[in-house]
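Colleague: Could you take me through one part of this model up close? I'd like the sheet and what sits around it, cut-offs included.

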Amino acid sequence: MRPVAQASGVSRLHALLKRDGKRVIIMDLGSANGTYVNGKRLRTNNEHLLNHGDVVALGKLKFQVLLR
């Protein structure tokens with residue numbers, strides 16, 4: 001049985017999340033099924049600033065970003 005993330009189209013090295021001070025940044029690492037923020041596909045290897053409430057999709061796996 002495959003893990004849930006893999007079954008949802010998440011690559012082994014799909015995306016990078018990093019914190020830079022109070023900012024949170026995501027970057028697609030050339031994934032096969034794409035990384036989306038609020039429905040918009042990110043360009044590979046370009047950093048994108050995440051905001052409170054953003055919805056991130058890694059393939060079909062979705063999560064909402066909650067920042068304080």
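Modeller: Sure, terms up front: helices (H or I, at least four residues) and strands (E, at least two) are DSSP runs, numbered from the N terminus. This is a predicted model, where local features need pLDDT of at least 70, side-chain atom pairs count only at pLDDT 80 or more, and totals for chains, interfaces and linings use all residues. Residues are numbered from 1 along each chain as its sequence is written, and side-chain values use heavy atoms, with hydrogens and water left out.

Let's start with A15, which lies in strand β1. A15 is partly exposed because its relative accessibility is 29% (buried is under 20% relative accessible area, exposed over 50%, partly exposed in between; 1.4 Å probe, protein chains only). Not counting residues up to four places away in sequence, A15 touches I26, M27, D28, L29, T35 and L58 (contact means heavy atoms within 4.5 Å).

Now the sheet: three strands make it up, open and antiparallel, in the order β1-β2-β5. β1 and β5 (48-50) are at the edges with a single partner strand each, so one side of each has no neighbour in the sheet. Strand β2 (residues 23-28) pairs with β5 over three bridges, in the antiparallel sense (two strands pair if DSSP finds at least two bridges between them). Within that pairing, I25 stands opposite L49 in β5.

Last, the loop between α1 (4-7) and β1 (15-20) holds S8. S8 counts as buried because its relative accessible area is 18%. Leaving aside neighbours within four places in sequence, S8 contacts L58, G59, K60 and L61.
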